[in-house]
Amino acid sequence: MPSQPVRVMIVEDSLVVRRLLAHIVSRDPRLTLAAAVGSAEEALQELPRIRPDVISMDIRLPGMDGLEATRRIMAEQPTPIVVIADSVEDSSLRISMNALRAGALSVVEKPVGMETGGHERVSEMICTQLYIMSQVPVIRRRMSAARLSRPTPAPARPEPVAPQAPAMLGIAASTGGPPALAQVLGALSPQFPLPVLLVQHMGAAFMEGFASWLDGVVPLRVGIAQDGEVPRPGQVYVAPGNRHLLLAPKGVLRVTADPPVASQRPAATLLFRSMAGALGPRGLGVLLTGMGEDGALGLAEMRQAGAFTITEHESTAVVYGMPAAAVRLGGSGLSLPLPLIGPHLQQLALRATP
C-alpha cells in the first residue's frame, strides 16, 4: 500500500453526484480528494497542476464528453482513468466501452443517492477500483487505437501448433480486457469455425452492454450465454454478470451461481477447468491482460489435458498479472503479443474446418 493516500480527481457535471463522490472518496483512508471539477475542459486545464494519481470520469458531460476527454488525457498526460457510468442507458454504455478502448482502465456503476439500496456496495466498488487502478502504469496514446500501431515484438520462438484440431475456444480477461478482446476477436473471420466462450471481469450491471458493444465491433455474433445452450460455431458466449460460465461434459453451457473463486464470479479458472474436462486436447484457451491470477490454474489444467493454450505477452498487456501467473504455473503453451493472437487463432481454427 502506498505511504501516501491516492490522489483522486473527480470529473462529474452533476453537483449532487460530484458531492456524493467527494464524500465517498473522503471516507476511504486509501484515498484523498485532489480536485472535483464539473467539465472535461476544466479537468484538462487543471490536470497539469493537480497531477492526480487516478481520475474518476463521468461519461455524459456538457461540451466535451468523457470519451474525448479520455482520449485527450491519454495523449497529453496519461493518468489512470476509472469510468463512472450510468448502467441503464445504452448510449452511456457504448460510450463507456469506447472509453475503455481509448485507454480508461475500468468502468463502475454511478451512485445515485445515499438512501438507495446497495449504496455501500457501490461506494466500496468505486473506492477499490480507484485505488487499484491508480497502481496501473499507463502509456501515452496518440490516438484511441495508438496501442495497436506500436511495433509488434516478434515471438521469441517458433510458434507451435495444436496437437489436435480444436473444437472450442475459451478466452478470458480482466483489467484492460475490452479493447484486448475487441482486437483479438476482431481479427477472426465471420466464418470462424469454433464457438467462443468468454469471461470478462466487469460489474454485473455492465455485462449486457459490454456484450452488445462487442457484438458491434467484431465480425462474430456476440451475446450473453444462457444456461442449457448448445454453443454454435462463429458465436461468442459471454459469461453473464455475477455468474460462472461452464462447459458441461455433453457440450452444453452451464450458467451457475456457485460461490466466487478467488473473489471472482465469473471465474476464468472454472471456465477453463470445465473445458479441460469436457474437451481434453480439443480445447483452445487464451488468457489476456488482467490483475490477479484468475484463469492461471484453469489454463494449466487445459494444457495438462493436452489442449493448446496462449497467453498475452508482457509487452502488450495492460496488466501482466493473469498471463504471468499462467506462465509461472506452466499453463502457457505460447506467449504472443496481442496483435498476433487473433491471426494465430484463425490459423489454428482452420484445422477444425472439414
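**Overall architecture and packing**

Residues 24 or more positions apart account for 73% of the protein's contacts with a separation of 6 or more. The model is a predicted one. Its secondary structure comprises 12 helices and 14 strands. Of the 354 residues, 55% count as buried. The exposed surface comes to about 14,500 Å². Carbon and sulfur atoms supply 52% of that area.

One sheet is open and has 5 strands. The strand order is β2-β1-β3-β4-β5, and the pairing is parallel. Strands β2 (31-37) and β5 (106-109) form the edges, each pairing on one side only. Neighbouring strands of the sheet are turned against each other by 25 degrees on average, direction ignored. Within the sheet, β3 (residues 54-58) and β4 (residues 81-85) run parallel and are joined by 4 bridges. In this pair, D58 stands opposite I84 of β4.

Two helices contact these strands. Helix α1 (residues 15-27) packs on the sheet and touches β1 (6-11), β2 and β3. The direction of α1 makes about 165 degrees with that of β2. Helix α5 (residues 119-133) lies across β1, β2, β3, β4 and β5. Relative to β5, helix α5 runs at about 160 degrees.

In soluble globular proteins, nonpolar side chains tend to be buried together. Here, the largest nonpolar core holds 66 residues. The members that touch the most others are L198, F210, L214, L288, I310, I341 and L345. Helix α4 (residues 90-102) gives the most to this core, contributing 6 residues. Beyond its neighbours within four places in sequence, L198 is in contact with I171, L181, L185, F210, L214, V236, Y237, V238, A239, L245 and L271. Two of these partners, F210 and L214, are themselves listed among the core members with the most contacts to other members.

L271, a contact of L198, is also one of the buried residues of helix α9. This helix spans residues 268-279 and has 12 residues. From first C-alpha to last, α9 reaches 16 Å, close to the 16 Å expected at 1.5 Å a residue. Because 9 of its 12 residues are buried, α9 is largely enclosed by the rest of the structure. The buried residues are A268, T269, L270, L271, F272, S274, M275, A276 and L279. They pack against strands β6 (168-173), β7 (196-200), β10 (244-247) and β12 (283-287), and against helix α10 (296-304). Just after α9, G280 takes a positive phi of about 55 degrees.

Technical notes
Residues numbered from 1 in each chain as written. Predicted model: local features only at pLDDT ≥ 70, side-chain atom pairs only at ≥ 80, totals over all residues. Heavy atoms only, no water. Core = buried A, V, L, I, M, F, W, Y, C linked by side-chain atoms within 4.5 Å. Buried < 20%, exposed > 50% of the residue type's maximum accessible area, 1.4 Å probe, protein only. Contact = heavy atoms within 4.5 Å. Expected span 1.5 Å × (residues − 1). Pairing = 2+ DSSP bridges. Axes fitted to C-alpha atoms, helices over the stretch in contact; angles between N-to-C directions. Areas by Shrake-Rupley, 256 points an atom, 1.4 Å probe, with all protein chains shown as cover.
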